[in-house]
Amino acid sequence: MVMVDLSFNNLRSLGFAAVSVVVLFIGCRRELNAPGLENEILTPILSTKLTIREIVPDSIRTTDEEGFVTLTYRNDVYASGLGSFQELETREFEEVAKLQSLTLGAKSAVRSVSLGQIALAEGGVTGQLIINANGTTSIIPPINGLAYGPIPVDGSAFFESVTLDSGFMDIELNNQFPTALSDIDFEIRNESDNSLVGAENFTSVAAGGTELRTIDLAGKSIEGALLGNILNMDINGTSSPVLIDTSDAVIVTITVRDMKVNSATAIFPAQNIIEIGDTNAMRNVDDLRLTKAKASSGTITIRVVSTVEDTLFFDYFVPEGKKDGIPLEIHEKVAPAPMGGSIEKTFSYAVDGYLFDLTGSPTINLYNAFYSELTGRIDSTGNIVNLSLSDSILVFVKLSDFVPEYIEGYLGNTEIEVGPESAPISLFHHFESGMLEFEAVNVSMAVSNGNGVPFEVEFQQLSAENTKTGKVVNIDLAGLPDPVQIDRAADLSTPWEELWQLDASSNLNDALNIYPNRLNVALRVASNPGQDSNDLAQFAFDTNSLNAFLDIDIPLSFIAQDLVLSDTVDFNASNIKDIDQISGGTFYLVATNSLPLEAELGLTFLDPSGQVLSVVSFDGSVKGSSPSEQSVLSWEFDEAMFADIRSAEQVVLSATVNTSSTSVPQKIYSNQALDVTISARFKYTYTP
């Protein structure tokens, strides 16, 4: 005898006590057991007692004070999460930046011209007189038209060449002569081509005094090797004798400062050469006004193309993109570009779990605005390198595969048409045919909104369908508002919920009586029907959704006429002992039933391809009454029939169920039960 489980724990989707007959007939699943070696000995196979508590799971059963049972069943009609109303697409932006500034530190070179050097350069009587007077006191007569040069000024330790956007050269003359100097014409030139860098005139420099003149270097090119020339210098002379010391000198200090470089071959000090604070509008957000978005997944990819011939240290910073309170920072470096060429490097970083402020903070209070900072710097290496403002850093930043798990702001006015779509309903999964009429059916439409966005839903169609029979019944939705207004959730953990009772006079019984296995729904869903785009306090979380349910309450009081139920289970007879010696036998089913149901039971054995091998029809039916009535059913089989049974791999169990009355609905109570015992008598034939 095969024992399989058609209990309501497995058929809980039936939701009806009408199923109890077939359930209790087969009880718990077991394989066929050998009844013993003795010929025609009756062997118990199964004994069980089931009440409604075992038949119907607690999750869909309620019992009143009198023990009357009601089934409560919830079936999803529609469910939609964050992405169904507005999908955030990839945001891309790129920056192409020239070097914004190059600076060189102040560089100075000191040269001196002694009185003796000037005298030698002057020559003649005047020069000889100055040299002869060295170490003596004498009146110095006025001497005009002295010149000296060129004076080498070597700055090659700092730069080889530089073209300046701006900068200054300070020429400082310190007069150590014992006489004032006047009408000093000084010029400075590049040594390589003798091109003039600048010239200045010092009207007068007192004895022991210092004078400063400044040459504007904007737009000029300067080499590391310079030449200074004193084109004219007048000695004013003294009115009384003074000590003549030919080592007394005019000290020339040349300082190049505040240099903003257009291009240079130089030793550059550490400095930021590119600084960008970027507030970039997010793309592909349609009418959303997002102020925050937390990434469930996503990647920031940064591609840098640099022509800078020095190591570029690269910092990317999103001050208001934080994870665990820590801002998103990327620190990398790009190797020097080859001379006249470029170098490219790509960095990728996951942004999972980062919460991004999209108000443009800290600079602009907007929405859909992504603020980030980009800094490129060089650190002084002490090496001479070539840099130019024509050098560039191309930065491509792509936020890809961005799937938000949470967003804030105005989440858009989006209207979508849904369906017709189908949602499975398992309540009648094992019903084949016949009539089932409930005394009362209560059906409600329930809606739950877990996000902080208001919606409007118009249910255009709701129908019950049995795809096996092709029957369809359109459910009367007169009890629903048209459209249904759905408020926002109070917070992420407190959804908004509402329930509407469908009209009791509608065709709900008709819809259930076709034993539907799916519900078909068509609806229109609109977010933000009021279209208040200034409402930036909305929120949505990817695990929260807008859900619509049918809540079906069925008191177990019904009339059943020739209601056919069935289930298919696996079967394996290989564990029966001495199975090859069985020549026939009888299965017995003894049932004591206090449920107000009567059932005719049958088994159909199928081969692996689903073809029928054997059909079992017990003689009679399991009676139902109060008090309990005992029924004994049997079925005999011969060796040929058992050969079909033993080769089966599946068994279809069926029950044709009728209530004890065809006019008065029968109620099911929690204390009603069905006791079932199944025994087998096997006939063995042993061959010596």
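Let me begin with a group of charged side chains: Glu415, Glu456, Glu458 and Arg524 are linked in a network of salt bridges. Please keep in mind throughout that what we are looking at is a predicted model.

Within that network, the pair formed by glutamate 415 and arginine 524 has its closest N and O atoms 3.5 Å apart. Glutamate 415 belongs to strand S26, residues 415–424, whereas arginine 524 belongs to strand S33, residues 518–527, so this salt bridge ties together parts of the chain that are 109 residues apart in sequence. The two partners also have their own surroundings to consider: glutamate 415 is exposed, with a relative accessible area of 52%, while arginine 524, at 11% relative accessibility, counts as buried.

How many salt bridges are there by this rule? The count comes to 14, and I will pick out two others. In one of them, the side chains of arginine 257 and aspartate 170 meet at 2.5 Å, taken from N to O. Since arginine 257 lies in strand S16, residues 249–266, and aspartate 170 in strand S9, residues 159–175, the pair ties together parts that are 87 residues apart in sequence. Is aspartate 170 buried or exposed? Aspartate 170 is buried, its relative accessible area being 11%, whereas arginine 257, at 25%, counts as partly exposed. In the other, arginine 189 and glutamate 187 meet through their side chains at 2.9 Å, again N to O, and here glutamate 187 counts as buried at 9% relative accessibility.

Let me turn now to the strands and the helix that lies across two of them. There is an open sheet of four strands, in the order S8-S14-S10-S11, and the pairing is antiparallel. Its edges are S8 and strand S11, residues 196–205, each of which pairs on one side only, and from one strand to the next the twist averages 15°. Inside this sheet, strand S10, residues 181–190, is joined to S14 by eight bridges in the antiparallel sense, and aspartate 185 stands opposite asparagine 232 in S14. As a general reminder, strands of a sheet pair through backbone hydrogen bonds, and they may do so in parallel or antiparallel fashion.

Helix H3 lies across S8 and S14, and runs at about 110° to S8. Which residues of H3, residues 115–122, are buried? Leu115, Gly116, Ile118 and Ala119 are buried there, and because they cover an arc of only 160° around the axis, they sit on the same side of H3. In general, an α-helix has 3.6 residues a turn, so residues three or four places apart point the same way. As for what they touch, the buried residues of H3 pack against strand S6 (107–114), helix H4 (124–132), strand S8 (143–154), strand S14 (225–235) and S16. Immediately after H3 comes glycine 123, which has a positive phi, near 65°.

I will finish with a hairpin, where another glycine appears. Strand S29, residues 455–466, and strand S30, residues 471–474, run antiparallel and are joined by four bridges, with serine 463 standing opposite asparagine 474 in S30. Four residues lie between the two strands of this hairpin, and in it glycine 470 takes a positive phi near 80°.

Notes. Residues are numbered from 1 along each chain as its sequence is written. This is a predicted model: local features need pLDDT of at least 70, side-chain atom pairs count only at pLDDT 80 or more; totals for chains, interfaces and linings use all residues. Side-chain values use heavy atoms; hydrogens and water are left out. A salt bridge is a side-chain nitrogen of Lys or Arg within 4 Å of a carboxyl oxygen of Asp or Glu. Buried means under 20% relative accessible area, exposed over 50%, partly exposed in between (1.4 Å probe, protein chains only). The arc is that of the directions from the helix axis to the C-beta atoms. Contact means heavy atoms within 4.5 Å. Two strands pair if DSSP finds at least two bridges between them. Axes are lines fitted to C-alpha atoms, for helices over the stretch in contact, and angles run from 0 to 180 degrees between N-to-C directions.
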